[in-house]
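The following exercises concern a single protein chain and are to be worked through with its sequence and coordinates at hand. Each task is followed by a stepwise solution.

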Amino acid sequence: MAEKAYPAAPANHGYQRSDAESLENADELKRKKKIKLAIYITIFVVFQIIVITTMSLTVMKVKTPRFRLGNINVESFVSDSAAPSFDTKFTTQIKIKNSANWGSYKFNAANITFQHQGATLAVIDIAKGKAGWLSTIKRNAEVSLNSNAITGSNFESELRSGVLTLNSVGRLNGKVAIMFIMKKKKAANMNCTIAFDVAAKNVKSLHCK
């Protein structure tokens, strides 16, 4: 019985990739992956530098808190330009402003001195405490002043002019704590000028610096 002959399969004339080309393509993929990784690392480093710089200029920057008198409410004011003398009693607020810092300000006990041309009229105590981050604390105070310690020769003419000028000075010593990892000493000074209207028996102006 005759055997059937079948046609041979056509030869594969398609492109066959050599081992060398395969290795070359693999190296190219690795190179591209390394480039991408380097780009990602660079972006991350730049981002970290921006974050650190921003924090250094804002969050980590420590400013001196402000120590001031607030509004003054005169309860009594008696003066005599002939004697000359005066006696006054008023209430005010003591403000410790820490609104510029991203950390609390812990301060020691201190005092405020009320003066007339260098002569001490009264001293009030400030208990130690803490002003929170980005905040201001206010403490009420009652102050009584008189002219017993005044010896200046121009005191009489000052009363006759209708304006009595006094000063309040003080200093707070403390530390600003940033993010529980950094503490920096900061001293806040008070220097306020209070002008009383003798005729109206109230405060004409209050300026602090």
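**Exercise 1. Charge on the surface**

Which residues form a positive surface patch?

Solution. The model examined here is a predicted one.
- Step 1. The positive surface patch is made up of K106, K128, K130, K175, K183 and K185.
- Step 2. One of these residues, K128, is located in the loop between β5 (119-126) and β6 (129-131).
- Step 3. The relative accessible area of K128 is 65%. The cut-off for an exposed residue is over 50%, so K128 is classed as exposed.

**Exercise 2. Overall architecture**

State how many helices and strands the protein chain has, and give their pattern along the sequence.

Solution.
- Step 1. The protein chain contains two helices and ten strands.
- Step 2. Along the sequence, these elements follow the pattern α-β-β-β-β-β-β-β-α-β-β-β.
- Step 3. As for burial, 29% of the 209 residues of the protein chain count as buried.

**Exercise 3. The disulfide**

Identify the cysteines joined by a disulfide, then describe the handedness of the bond and the setting of each partner.

Solution.
- Step 1. A disulfide is a covalent bond between the sulfur atoms of two cysteines.
- Step 2. With a cut-off of 2.5 Å between cysteine sulfur atoms, the count is one disulfide.
- Step 3. This disulfide joins C192 to C208, with an S to S distance of 2.0 Å.
- Step 4. The torsion about the S-S bond of C192 and C208 is about 110 degrees, and the disulfide is therefore right-handed.
- Step 5. C192 belongs to strand β9 (residues 182-197) and C208 to strand β10 (residues 202-208), so the pair ties together parts that are 16 residues apart in sequence.
- Step 6. C192 has a relative accessible area of 0% and is buried, whereas C208, with a relative accessible area of 26%, is partly exposed.

**Exercise 4. A nonpolar patch**

Which residues form a nonpolar patch on the surface?

Solution.
- Step 1. The nonpolar patch consists of I35, I39, Y40 and I43, which together have about 420 Å² of accessible area.
- Step 2. Within this patch, I35 is part of helix α1 (residues 19-57).
- Step 3. The relative accessibility of I35 is 39%, so I35 counts as partly exposed.

**Exercise 5. Backbone features in loops**

Locate the cis peptide bond from A83 to P84, and place Q117 and K201, whose phi values are positive.

Solution.
- Step 1. The peptide bond from A83 to P84 is cis, and its omega is near -20 degrees. P84 sits in the loop between β1 (66-80) and β2 (85-97).
- Step 2. Q117, a residue other than glycine, has a positive phi near 50 degrees. The loop between β4 (110-116) and β5 holds Q117, which is exposed at a relative accessible area of 52%.
- Step 3. K201, also a residue other than glycine, has a positive phi near 60 degrees. K201 lies in the loop between β9 and β10, and a relative accessible area of 43% makes K201 partly exposed.

**Exercise 6. A contact across the sequence**

What separates the C-alpha atoms of N146 and T88 in space and along the chain?

Solution.
- Step 1. N146 is placed in strand β7 (residues 136-146).
- Step 2. N146 is partly exposed, its relative accessible area being 27%.
- Step 3. The C-alpha atoms of N146 and T88 are 6.3 Å apart, while the two residues are 58 residues apart along the chain.

Note on methods: Residues are numbered from 1 along each chain as its sequence is written. This is a predicted model: local features need pLDDT of at least 70, side-chain atom pairs count only at pLDDT 80 or more; totals for chains, interfaces and linings use all residues. Side-chain values use heavy atoms; hydrogens and water are left out. Helices (H or I, at least four residues) and strands (E, at least two) are DSSP runs, numbered from the N terminus. Buried means under 20% relative accessible area, exposed over 50%, partly exposed in between (1.4 Å probe, protein chains only). Patches are made of residues with over 30% relative accessible area and no salt bridge: like charges are joined within 9 Å, nonpolar side chains (Val, Leu, Ile, Met, Phe, Trp, Tyr) within 5 Å. Accessible areas come from the Shrake-Rupley method with a 1.4 Å probe; for residues, only the protein chains shown count as cover. A salt bridge is a side-chain nitrogen of Lys or Arg within 4 Å of a carboxyl oxygen of Asp or Glu. Lys and Arg count as positive and Asp and Glu as negative; His and the chain ends are not counted. The place of a charge is taken as NZ of Lys, CZ of Arg, CG of Asp or CD of Glu.
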